[in-house]
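Morning, everyone. Please have the structure open on your screens, and follow along as I talk.

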Amino acid sequence: MGMRPRDIASRMAARRQKKSAGPVRDGYVRDTFTLPREQARAKARDYLTRYPKAGYMSAVESWRELPDGAIEFTMRRLPSAD
């Protein structure tokens with residue numbers, strides 16, 4: 001018996017809720033830092049030098065400026081390079 005579009009949408013919504021219920025399990029390692037602006041820039045550069053994008057798919061996943069001027073940011077990378 002074929003699935004109706006409503007059934008497919010319900011299954012997709014249930015999966016989305018399961019994913020948002022806890023930590024992200026997509027294979028990436030995430031590190032979050034809170035540093036003053038210049039130290040945050042240096043830390044991000046160091047992270048990308050240590051874990052190059054070509055081998056680890058490294059990136060700044062998110063960042064925000066806090067009221068005190070510090071930067072909170074999350075770096076992500078694969079656990080190991082091939």
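Start at the hairpin. Strands β2 and β3 form it, with 5 residues between them. Look at G69 in the turn: its phi is positive, about 95°. Keep in mind that this is a predicted model.

Now the pairing inside that hairpin. β2 and β3, the latter covering residues 71-77, run antiparallel and are joined over 6 bridges. Two pairs are worth finding. S62 has T74 in β3 as its bridge partner. V60 stands opposite M75 in β3.

What joins β3 to β1? There are 7 bridges between β1 and β3, and the two strands run antiparallel. One example: D31 has M75 in β3 as its bridge partner. So we have met M75 twice, once opposite V60 and once as the partner of D31. A quick reminder on pairing in general. Strands of a sheet pair through backbone hydrogen bonds, either parallel or antiparallel.

Put the strands together. The sheet is open, has 3 strands, and its order is β1-β3-β2, with antiparallel pairing. β1 (29-35) and β2 (59-65) are the edge strands, and each pairs on one side only. From one strand to the next, the twist averages 15°.

Next, the helix on the sheet. Helix α2, residues 37-50, packs there and touches β1, β2 and β3. The direction of α2 makes about 5° with that of β3.

Is β3 mostly enclosed or mostly open? In β3, 5 of the 7 residues are buried, so the strand is largely enclosed by the rest of the structure. Buried here means under 20% relative accessible area. Over the whole protein, 20% of the 82 residues count as buried.

On to the pocket. The largest one has a volume of about 160 Å³. Which residues line the largest pocket? They are R37, A40, R41, A44, V60, W63, I71 and F73. Each of α2, β2 and β3 supplies at least two residues of that lining. Which element gives the most to the lining? That is α2, with 4 residues. Notice V60 again: this residue of the pocket lining also stands opposite M75 in β3.

One more residue, M57. You will find M57 in the loop between α3 (53-56) and β2. Here is some background first. Most residues other than glycine have a negative phi, and most peptide bonds are trans. M57 is not a glycine, yet its phi is positive, about 55°. Is M57 buried, partly exposed or exposed? M57 is partly exposed, because its relative accessible area is 44%, and partly exposed covers values between the 20% and 50% limits.

Now step back to the whole chain. The protein has 3 helices and 3 strands. From the N terminus on, the elements run α-β-α-α-β-β. Consider the contacts with a separation of 6 or more: 57% of them come from residues 24 or more positions apart. Finally, the surface. About 6600 Å² is exposed, and carbon and sulfur atoms supply 53% of that area.

To recap the route: the hairpin of β2 and β3, the sheet in the order β1-β3-β2, helix α2 packed on that sheet, and the pocket with its lining. Thanks for listening.

Terms used:
Residues are numbered from 1 along each chain as its sequence is written. This is a predicted model: local features need pLDDT of at least 70, side-chain atom pairs count only at pLDDT 80 or more; totals for chains, interfaces and linings use all residues. Side-chain values use heavy atoms; hydrogens and water are left out. Buried means under 20% relative accessible area, exposed over 50%, partly exposed in between (1.4 Å probe, protein chains only). Contact means heavy atoms within 4.5 Å. Accessible areas come from the Shrake-Rupley method with a 1.4 Å probe; for residues, only the protein chains shown count as cover. Two strands pair if DSSP finds at least two bridges between them. Axes are lines fitted to C-alpha atoms, for helices over the stretch in contact, and angles run from 0 to 180 degrees between N-to-C directions. On a 1 Å grid over the protein atoms alone, a cavity is a set of points where a 1.4 Å probe fits but cannot get out, and a pocket is an open set with protein on both sides within 12 Å along at least five of seven lines; lining residues have an atom within 4 Å of a point. Grid points are joined across faces, edges and corners, and a volume is the space filled by probe spheres set on the points.
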